[in-house]
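Visitor: I would like a close look at the empty space inside this model, and then at the parts of the chain that surround such space or pack against one another. Could you take me through it slowly, in one connected account?

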Amino acid sequence: MRPGGAEPGDLGRGATRLAVVVALLAAGCTAGAGAPAGGRQLASQATPATTVAVATTAVATAEAPPGTQVPSPRFRGSVAAIDRSTRSRMRWSWRPGCPVGLADVRLLRVDHWGFDRRVHRGELVVHRDQAGLLLGVMQRLFRLGYPIRQMRLVDDYRADDDRSMAANNTSAFNCRPVAGTSRWSEHAYGRAIDVNAVQNPYVAGSHVSPPAGRRYADRARRAPGMIHAGDAVVRAFAAAGWGWGGAWRSARDYQHFSASGR
């Protein structure tokens, strides 16, 4: 082989192979389009639907001529009863003696925009009588382009509310009392949700929770993920009949929405 290059024969064979690949692509016969030998698809070849949707959107945006409007990804959401697999994941957030049983709650899987401007798949557990309403709220937030850092079951943090907030997690059901009391939280019924805890902290005097939210305690500030009185996020929840903790008179819980307003 020539120093720093290919032999002429290699170049010719490369051109021939390229022509064959182009022909196959034109005929719709791309490599890997069919199943591997034995008729089974390898697990490593499967691609999550959300990832495919995001990648398609990114490619379309990059290749579209200037001034071309690229369609937004379509929102996907579902409501399901708590099956055995989900029950095994909820070993921290639910236990016998909680004010609702597992038959009373539902698992929502929803698309949401992230702070990275990509579509992500999130999960929430909510009361069954609120599941359809919350699904509608999540769809509305998606259409607004409202960013949510992440949306994971609180069990990923052993149902520790402080850990979940510190991770800027958006979550709903958690069988726990109101902090500092023996009274059940609205989260224990699956009728409350905390959204972007860092950008929307709990503020009571000089106390801010989570601590990382201190710089957002000044609600005159405007930043992605923050929620303000009368904005589109508040209106989306209000349309479902849910109240906002940011409107409370004393302590303000800017991340908190609930069916009861408490």
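**Cavity, pocket and packing**

Guide: This is a predicted model, and within the structure there is one cavity of 30 Å³ or more. The largest cavity encloses about 60 Å³ of space, and its lining is made up of Met90, Ser93, Glu123, Leu124, Val125, Arg152, Leu153, Val154, Asp155, Ser171, Ala172 and Phe173. Sorted by class, that lining has seven nonpolar, two polar and three charged residues.

From the cavity we can turn to the open space. The largest pocket has a volume of about 600 Å³, and of the 24 residues that line this pocket, those closest to its centre are Arg176, Val178, Ala179, Tyr202 and Asp253. By class, the lining of the largest pocket divides into nine nonpolar, seven polar and eight charged residues. Helix H5, residues 161-166, and strand S6, residues 207-209, each supply at least two residues of that lining, and the largest share, three residues, comes from H5.

Both of these elements lead on to a backbone feature. Asn168 lies in the loop between H5 and strand S4, which covers residues 192-194, and the phi of Asn168 is near 60°, a positive value in a residue other than glycine. On the side of S6, the peptide bond from Ser209 to Pro210 is cis, with omega near 5°, and Pro210 itself lies in the loop between S6 and H6.

That loop brings us to a helix pair. Two packed helices are described by the angle between their axes and the distance between the axes. Helix H4, residues 131-144, and helix H6, residues 232-239, pack at an angle of about 155°, with their axes 9 Å apart. Because an angle over 145 degrees counts as roughly antiparallel, H4 is roughly antiparallel to H6. The crossing of H4 and H6 is right-handed. On the H4 side, the contact is made by Leu134, Val137, Met138, Arg140, Leu141 and Leu144, while H6 contributes Ala232, Val233, Arg235, Ala236, Phe237 and Ala239. Taken by class, the contact of H4 with H6 has ten nonpolar, no polar and two charged residues.

Definitions and conventions:
Residues are numbered from 1 along each chain as its sequence is written. This is a predicted model: local features need pLDDT of at least 70, side-chain atom pairs count only at pLDDT 80 or more; totals for chains, interfaces and linings use all residues. Side-chain values use heavy atoms; hydrogens and water are left out. On a 1 Å grid over the protein atoms alone, a cavity is a set of points where a 1.4 Å probe fits but cannot get out, and a pocket is an open set with protein on both sides within 12 Å along at least five of seven lines; lining residues have an atom within 4 Å of a point. Grid points are joined across faces, edges and corners, and a volume is the space filled by probe spheres set on the points. Ala, Val, Leu, Ile, Met, Phe, Trp, Tyr, Cys and Pro count as nonpolar, Asp, Glu, Lys and Arg as charged, and the others, Gly among them, as polar. Axes are lines fitted to C-alpha atoms, for helices over the stretch in contact, and angles run from 0 to 180 degrees between N-to-C directions. Helices (H or I, at least four residues) and strands (E, at least two) are DSSP runs, numbered from the N terminus. Angles under 35 degrees count as roughly parallel, over 145 as roughly antiparallel, 65 to 115 as roughly perpendicular and the rest as oblique. A crossing is left-handed if the near helix is turned anticlockwise from the far one by less than a right angle, and right-handed if clockwise. Contact means heavy atoms within 4.5 Å.
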